[in-house]
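Hi everyone, thanks for making time this morning. I'd like to walk you through one model, starting with the ligand and then moving to a few backbone details. Let me put it on the screen.

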Amino acid sequence: MIPYGRQDISQQDIDAVTHVLQSDFLTQGPKVPLFEQAIMDVCGAKYAAAVNSATSALHIACLALGLKPDDWLWTTPNTFVASANCGLYCGAKVDFVDIDPKTYNLSAQKLAKKLEVAEKQGRLPKIVVPVHLSGQSCDMQAIHALSKKYGFKIIEDGSHAIGGRYQGKPIGNCRYSDITVFSFHPVKIVTSAEGGMAVTNDPKLAERLELFRSHGVTRDEQLMSKPADGPWYYEQIELGYNYRMTDLQAALGVSQMQRLECFIQDRHQIAQRYDQLLSDLPLTLPWQHPDNYSAMHLYVIRLQLDKIAKTYLEVFDALREASILVNLHYIPVHTHPFYQRMGFKLGDFPESEQYYKEAISLPMFPSLTEEQQDYVVSVLKEQLS
Ligand SMILES: *Cc1c(COP(=O)(O)O)cnc(C)c1O
């Protein structure tokens with residue numbers, strides 16, 4: 001079996017987790033702030049809040065930015081459902097902006113058009129969530145300029161993108177956004193088993209992220225409404241959640257972060273090799289905007305179906321039957337039954353729907369060997385000839 005993505009666990013990772021098991025703190029100990037620091041060091045943001053998943057990070061990011069019932073959150077249809085669900089958790093309404101045909105990311109042009117219409121209808125979004133698909137940044141400069149014109153906030157969903165760069169600067173520096181979130185699920189670039197993080201440069205937002213990740217409870221006297229009754233005292237000042245990361249997870253994350261650069265280099269090497277080996281086939285290969293150095297989470301090919309005798313499903317099934325666990329990222333969010341019940345229809349976001357008919361994520365992870373890669377290419381070639 002060759003999966004499309006998998007974690008890379010070293011003896012050092014194992015030792016780091018074991019060490020925590022033998023220590024005083026399994027959670028709320030010293031490893032979480034260390035992991036937060038490691039992420040801040042790489043992405044250049046000033047504050048970080050580690051949580052138990054990127055889904056939780058998206059939720060507390062929306063809460064910190066004050067997303068309320070009847071507000072609008074916009075994102076791309078070409079993402080995991082969590083990028084949209086975070087708006088619904090807050091009681092807000094969700095809408096989508098179709099993708100750019102070359103990067104498959106939320107299109108800044110289509111966003112501009114949709115904002116123009118929304119302004120006239122008095123339904124401008126409070127938050128827009130651009131998703132850096134495959135680890136390639138969206139056109140953040142353009143999206144940021146639109147946020148200034150129309151007054152919305154930006155949460156970058158960088159679940160695929162830790163270690164990637166945009167305009168020469170690390171993704172997550174929040175130069176063009178309010179908050180960036182990362183995921184540390186095992187298929188992502190670095191893992192903490194389950195885990196996520198929200199980073200920001202705004203101290204007020206950082207304070208709110210920290211509140212919402214742990215019950216809305218504070219021990220900071222500056223935030224309390226009464227003087228402390230004693231050393232045990234804390235106050236709940238918001239309705240928060242238990243979204244905390246454990247020290248076991250954070251220790252794994254810290255250890256993994258030491259290999260971040262190697263992981264990304266390996267991924268780029270694999271991508272370059274795919275680029276060469278697949279160049280003569282009836283495929284559209286991933287295109288990189290020159291502003292970007294992708295974290296290369298996914299290697300997505302699109303079948304040029306008009307040049308291929310087989311159907312999409314036949315090619316996909318043949319790869320799976322050959323024990324190559326290719327995948328499809330993503331089912332357009334608005335086509336899920338839950339979202340269709342909210343009134344979205346097939347045809348609403350044609351670019352994402354067309355992509356869904358053609359895209360395949362090939363195996364892409366640091367330990368993928370050249371032999372495995374050659375095998376993937378040979379099975380694909382056989383199918384496309
Ligand atoms: C994986 C992923 C998420 C959710 O991450 P979890 O850590 O599993 O909650 C959100 N958005 C995108 C784009 C993802 O790929």
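So, which residues surround the ligand? There are 15 of them, and the closest are Thr-55, Asp-157, His-160, Ser-183 and Lys-188. Please keep in mind that this is a predicted model.

If you sort that shell by class, you get five nonpolar, eight polar and two charged residues. Where do they come from? Helix 3, spanning 54–64, supplies at least two residues of the shell, and so does helix 4, spanning 82–89.

Now for the polar contacts, for those of you who like to set up interactions by hand. A polar backbone atom of Ala-54 is 2.9 Å from an oxygen atom of the ligand. Ser-159 uses its side chain: a polar atom there lies 3.4 Å from a ligand nitrogen. Tyr-330 brings in a polar side-chain atom too, 3.0 Å from an oxygen atom of the ligand. How much of the ligand does the protein bury? Taken alone, the ligand exposes 380 Å², and the protein buries 92% of that. As for the site itself, the ligand sits in the second largest pocket.

Let's stay with Tyr-330 for a moment, and turn to the backbone. Tyr-330 is in the loop between strand 16 (324–325) and helix 11 (337–340). The peptide bond leading into Tyr-330 from His-329 is cis, with omega near 10 degrees. That is worth a second look, because most peptide bonds are trans, and most residues other than glycine have a negative phi.

That brings me to two residues with positive phi. One is Gln-167, in the loop between strand 7 (165–166) and strand 8 (169–170). Its phi is near 50 degrees, and the residue is not a glycine. The other is Cys-174, again not a glycine, with a phi of about 60 degrees. You'll find Cys-174 in the loop between strand 8 and strand 9, which runs 179–183.

Are these two buried or exposed? Gln-167 has a relative accessible area of 26%, so this residue counts as partly exposed. Cys-174 is at 5% relative accessibility, which means that this one counts as buried, the cut-off being under 20%.

If you take one picture away, let it be Tyr-330: a side-chain contact to the ligand at 3.0 Å, and a cis peptide bond just before it in the chain. Thanks for listening, and I'm happy to take questions.

Terms used: Residues numbered from 1 in each chain as written. Predicted model: local features only at pLDDT ≥ 70, side-chain atom pairs only at ≥ 80, totals over all residues. Heavy atoms only, no water. Near = heavy atom within 4 Å. Polar contact = N/O pair within 3.5 Å; in protein donor to acceptor, adjacent residues only side chain to side chain. Areas by Shrake-Rupley, 256 points an atom, 1.4 Å probe, with all protein chains shown as cover. 1 Å grid on protein atoms, 1.4 Å probe; cavity = no way out; pocket = protein on both sides within 12 Å on 5 of 7 lines; lining within 4 Å. Sits in = over half its atoms within 2 Å of the grid points. Helix = DSSP H or I, 4+ residues; strand = E, 2+ residues; numbered from the N terminus. Nonpolar A, V, L, I, M, F, W, Y, C, P; charged D, E, K, R; others polar. Buried < 20%, exposed > 50% of the residue type's maximum accessible area, 1.4 Å probe, protein only.
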